[in-house]
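Biologist: Hey, I'm new to this one. Could you pull it up and walk me through it?

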Amino acid sequence: MRLRRATRYRFLALTAVLALVLAACGDGRDDDDSSAGGGDDNGESEDGAGDGFEIDTVNCGVDPGTVEITGGTIKFGTSLPQSGTYAAFSSILRGQQAYIDYLNAEKGGVDIGGTKYQIELVAKDDAYAAEQTFSNVQSLVDDDDVFGLFNVVGTKNNLAIRDYVNETCVPNLLAATGSPAWGNPEYPWLLGTFLVPYPLEMVAFVDYLENQKADATIAVLRADDDFGQSYSETLKALIADTELTIVDEQGYDPETGEVASQVTSLAATNADAFVLGATLLACPTALNEVAASGWQPITYMSGTCTSKTLMTIAGASGDAVLSVTPLMDPNDPQWADNDAMVLYKEKVAQYAPADTDVGNGIVAYGWTAAAALEELLSRVEDPTRLGVMQAARTLSDVSGIGLQLPDSTWSVGEDDWFLGENFDLVQYVAADGFFMVAGERLDLPGETEEITPENLING
Amino acid sequence: MSPRVRLVVALVAAVAGVYVFGYWVAQQNAPSDVRLFTQALYVGIAATGLNILTGYNGQVSIGHGAFFGLGAYTSAILVSEHGWNFVPTIPVAMALCFVVGALIGFPALRVKGLYLALVTLGLAVLFPDLTDRFVNGTGGTNLVTLRGAEVAVPDWYVWFPDPIADFFDEWVGAQDQWAYYLTLVLALVLLLGVFLIARSRFGRSLIAVRDHEAAAETVGIDLARVKVTAFALSALYAGTAGSLSVLVNRLANAGKVETFQLSIEFLVAVVVGGAATVFGPMLGAFIVVFLRDRIDNQDSLSDLFSDPNRAKLLSPALFGIALIILMYVLPDGIVGGSRRLVRRLGRRSRRAPAPASPLTS
Amino acid sequence: MALFLSQLMNGIGQGVIYASLALALVLIYKTTGILNFAQGEMALFSTYVTWWLTERGLPVWLSILISVALSFGGGAAIERFVMRPVERSSPLVIVIVTIGLFLSLNSLAQVIFGVEAEVVPRAYPDENWDIGGVIVQADTLVLVGVLAVECILLWALLQKTKIGLALRAVASNPESSRLVGVSVGTMLMLGWGLAAAIGAVAGSLVVPTTTALTAASMQSILVFAFAAAALGGFDSPLGAVVGGLIVGVANSLTTEYVDALDGIELIVPFGLILLVLLFRPAGLFGKVHVERV
């Protein structure tokens with residue numbers, strides 16, 4: 001008994017020592033930091049910034065009109081998976097960093113209102129976990145003093161920081177997902193990226209299908225989450241006034257990616273068309289299963305699957321599959337001599353780590369995203385956070401940046417905050433290994449807002 | 001060690017503890033660090049609860065991430081969809097988790113050892129699916145997010161006379177400080193709970209059932225009552241932790257990987273700190289949380305790779321290796337290891353000249 | 001009817017995948033009494049080695065053989081250097097060590113072999129046969145065949161050879177085994193090596209059928225493999241196979257026929273396990289240990 005008490009005291013002493021050691025690492029406290037915002041007020045803009053162009057800053061913790069770019073560098077923060085199951089997304093950073101390094105080294109930085117600023121990108125790993133993204137972003141804003149956020153990866157990850165960004169009035173630019181949720185007018189501080197919004201993909205496909213077979217039957221396989229829902233709900237809304245019908249819809253668990261039973265079920269319907277609202281490995285798996293079953297529908301596949309890696313895995317099963325893309329495919333020989341493509345390949349080889357694959361769609365996306373950032377910044381009139389966000393909200397006629405399709409323009413509208421509304425419907429040619437354009441260029445400004453069921457945007 | 005020395009040590013430790021945890025953490029650290037301490041505390045709460053079930057009662061569970069999630073969702077949903085204030089949601093989360101824990105504890109009666117561990121794994125894996133199906137979260141996902149105002153410091157202290165109100169405002173005014181102190185208070189209360197349980201008849205029954213079920217039954221211990229209560233209590237603790245996590249993360253989330261990782265984190269904290277000890281799991285939680293943070297933010301390995309970002313891939317490996325080394329060095333956990341150390345030191349001091357024996361005079 | 005049979009085939013196809021890994025789990029448990037959380041990642045690492053060898057131009061079957069041999073050695077080495085120091089500690093400590101191993105192997109595989117998804121070729125032609133409207137895949141037949149061979153070999157080893165006897169003795173009573181001259185350490189290493197080898201076979205054959213190899217390839221399989229082993233009984237290789245089939249088929253049929261459980265089909269296999277364990281606490285084929293008071 002005596003011994004136990006002694007142990008307890010020793011242990012308490014140990015804890016005390018441990019804690020004091022940690023004390024040596026304490027950073028001290030800055031009591032007037034902006035994270036104290038949101039105390040008594042309602043943290044969000046009251047009229048939801050419905051005007052589109054005027055962002056209401058009344059409820060911001062710190063007035064964003066006063067947060068300026070300091071020194072000759074503008075610092076952005078990003079949070080993405082660099083470890084764990086989704087580590088493959090870390091290639092985005094390679095594309096981004098290559099562009100930024102090229103910009104800083106060869107063009108002196110980005111030109112904002114006549115002054116050149118170097119761009120600095122601070123990246124933190126969140127292993128795709130939404131809680132970690134939130135923690136990273138708080139750290140980036142409070143400790144690293146970033147000017148804004150750029151290309152944070154993941155729908156749930158961006159949703160997790162959406163309120164915080166809105167309350168602290170920090171620009172969150174080019175959130176890396178195609179979710180329709182970024183059109184929500186109550187959150188003016190978040191700008192989505194140029195990926196084709198998932199609902200618009202359905203518009204493209206429905207148009208195509210109506211031309212092929214007006215009374216076609218459709219079978220749907222979609223992920224059991226918001227991503228899959230965007231596809232299925234929009235599709236249902238779109239075909240309501242047509243002769244197209246959905247004969248079966250199956251969901252799959254995005255965390256296990258098992259689709260065999262679902263595809264068997266759908267194949268049994270022998271529907272004319274097949275919509276694959278899936279991502280990552282579930283795409284090629286489903287395509288393989290469909291091919292094995294002998295069913296030969298007109299297949300549409302989510303734009304998130306148009307990567308060389310995934311399509312190589314699908315192999316012959318991917319032939320004639322339809323999808324969309326807002327960018328040029330680095331593997332497509334038709335762009336081989338395109339100036340922007342040549343520049344991309346050259347600079348990535350020069351600035352990115354040696355084992356970077358230029359044919360990797362994720363790297364191409366990162367490159368273009370950084371180019372979009374430069375373009376956005378170059379249009380800023382007032383070099384403060386507020387000024388940057390106003391520029392983002394009024395972005396129009398963006399063209400020729402990064403690997404953007406030639407003759408395409410991206411714009412944000414007053415009510416429609418989606419950039420990627422100009423894109424190509426493409427079809428995969430398995431024998432040659434790339435996506436070919438399969439129709440006229442689609443230019444649908446403002447349509448995402450119109451056709452998406454409201455609960456998906458404002459949910 | 002003489003009683004007077006022991007008393008002095010205890011007093012010093014207590015004063016240091018109060019200073020460090022009562023003042024230094026929340027007043028002298030940047031908000032990100034305060035949040036880290038808060039996280040360590042609520043993981044510690046969950047680990048302490050798991051210890052009741054696994055350490056004291058021998059039922060291994062790798063599914064307590066599900067109870068944590070249940071607590072988190074309860075609080076998050078009550079606040080965001082039903083407009084509750086945050087603090088009242090905590091007892092609701094506790095009660096709900098207690099009941100669900102008991103419900104799960106019943107079928108667990110017949111399942112033992114590693115089979116029980118696997119059934120609880122099923123729980124951890126199933127919970128996210130249930131949230132996907134039944135939770136109508138933000139943007140159609142299973143994420144429930146809260147706005148700043150919903151987790152903000154409550155302004156009840158304005159009812160107090162000025163000097164007191166000012167004091168509170170300065171000490172607990174920032175959101176991270178509020179979250180920290182609330183968690184600290186609950187952690188202390190719940191630790192006291194375990195302390196009392198360990199000393200009570202119930203505590204002895206827990207251990208008896210763990211060590212020899214058949215024998216325990218023959219001396220009249222109601223196995224079902226003991227085991228189910230252990231489950232229920234551990235779930236209550238985990239749920240409280242989940243609820244508190246919402247203050248820090250401003251969201252409730254569940255994914256198979258995350259829920260499983262949480263369950264493992266609690267178990268690791270219990271073992272690293274010392275199973276079947278009162279303070280062990282809390283200490284273990286601090287180690288696990290701070291270790292992971294230091295590993296995630298380290299820069300020293302980046303030079304090994306041509307692409308510095310590749311070094312981040314190693315974070316889980318570093319953590320895994322650290323765990324393995326900890327198990328080699330301290331298989332009884334820190335508290336258990338300290339006990340052994342003390343015992344060994346005690347033995348050494350006794351090797352001093354043997355007391356005079358009647359035979360050698 | 002054809003649909004039912006098709007789903008049944010799907011279930012069997014998935015089931016043998018789970019059974020393949022479950023067999024490794026059962027073997028480790030049978031020979032060392034440990035629940036090895038790292039089994040999946042060990043198999044993952046082995047599969048990456050197989051892939052790496054095929055990338056260097058070796059024929060697939062040879063790559064698998066080499067990988068199996070290397071995995072055997074690797075498994076034995078893990079036992080000797082990673083597990084040996086804690087073998088006498090409490091089961092919880094051992095579990096934590098295997099978890100540390102799980103994290104390390106997964107991360108190291110990504111660092112060494114890269115983060116991109118890779119295609120692992122099959123060791124046999126990828127054929128499907130349409131039999132009365134039901135698609136039967138060569139993948140399933142091969143796995144069933146391999147599982148059968150593994151089970152027979154294991155049974156022969158454990159029941160009919162002296163080494164097998166020694167393995168079982170060490171698992172049941174290490175102290176007494178040591179007293180009669182059995183080298184406990186060597187037997188444990190053998191057990192781990194065999195389990196690692198079985199895991200290598202499982203990974204190398206299964207992953208080609210799942211379209212691509214990534215760091216996550218083994219994780220969902222592991223959960224189901226644990227479920228299968230629990231269902232069948234942790235000390236029965238046959239139980240692992242039967243358990244795997246039951247889990248696979250239950251999953252498939254639920255997906256097809258029970259729309260009410262859309263999205264939460266996992267309830268079925270785990271519910272089944274719970275049900276089985278309520279009536280047979282050591283799984284379908286496991287041996288219940290009788291305790292003397």
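**A buried serine, then outwards**

Modeller: Let's start with C:Ser67, which counts as buried because there are 26 C-beta neighbours inside 10 Å. Buried means 20 or more other C-beta atoms within 10 Å of the residue's own, exposed means 12 or fewer, and partly exposed is in between, with C-beta atoms placed from the backbone. Mind that this is a predicted model, where local features need pLDDT of at least 70 and side-chain atom pairs count only at pLDDT 80 or more, while totals for chains, interfaces and linings use all residues. Residues are numbered from 1 along each chain as its sequence is written, and chains are lettered from A and ligands numbered from 1 in the order in which they are written.

Biologist: OK, where does C:Ser67 sit? And which residues is C:Ser67 in contact with, leaving aside its neighbours within four places in sequence?

Modeller: C:Ser67 is in helix α3 of chain C. Helices (H or I, at least four residues) and strands (E, at least two) are DSSP runs, numbered from the N terminus. Beyond those sequence neighbours, C:Ser67 touches C:Ser46, C:Val49, C:Thr50, C:Leu53, C:Ala200 and C:Ser204. Contact here means that the C-beta atoms, placed from the backbone, lie within 7 Å.

Biologist: How far is C:Trp51 from C:Ser67?

Modeller: They are 9.3 Å apart in space, C-alpha to C-alpha, and 16 residues apart in sequence.

Biologist: Switching to chain B: is α13(B) largely enclosed or not, and why?

Modeller: Eleven of its 15 residues are buried, so α13(B) is largely enclosed by the rest of the structure. Among the buried ones are B:Pro316, B:Phe319 and B:Met327.

Biologist: What do the buried residues of α13(B) pack against?

Modeller: In chain B, they pack against α11 (256–273) and α12 (280–296), and in chain C against α3 (60–83) and α4 (91–113).

Biologist: How many residues does each side give where chain A touches chain C?

Modeller: Chain A gives 23 residues and chain C gives 26 residues. On the chain A side, the elements giving two or more residues are α7 (260–267), α8 (282–293) and α9 (308–314). By class, that side has eight nonpolar, 14 polar and one charged residues. Ala, Val, Leu, Ile, Met, Phe, Trp, Tyr, Cys and Pro count as nonpolar, Asp, Glu, Lys and Arg as charged, and the others, Gly among them, as polar.

Biologist: New topic, what is the strand order of the open sheet in chain A?

Modeller: The six strands run β2-β3-β1-β4-β5-β6, with mixed pairing. Two strands pair if DSSP finds at least two bridges between them. At the edges are β2 (110–112) and β6 (190–192) of chain A, each pairing on one side only.

Biologist: How many bridges join β2(A) to β3 of chain A?

Modeller: Three, and the two strands run antiparallel. A:Ile112 stands opposite A:Thr115 in β3(A). Helix α11 (residues 361–378) of chain A packs on the sheet, touching β2, β4 (148–150) and β5 (172–175), and its direction makes about 25° with that of β2(A). Axes are lines fitted to C-alpha atoms, for helices over the stretch in contact, and angles run from 0 to 180 degrees between N-to-C directions.

Biologist: Last one: how do β1 and β2 of chain C pair?

Modeller: β1 (residues 128–131) and β2 (residues 134–137) of chain C are antiparallel, over four bridges. C:Asp130 has C:Ile135 as its bridge partner. The strands form a hairpin with two residues between them, and C:Gly132 in the turn has a positive phi of about 60°.

Note on methods
Contact = placed C-beta atoms within 7 Å.
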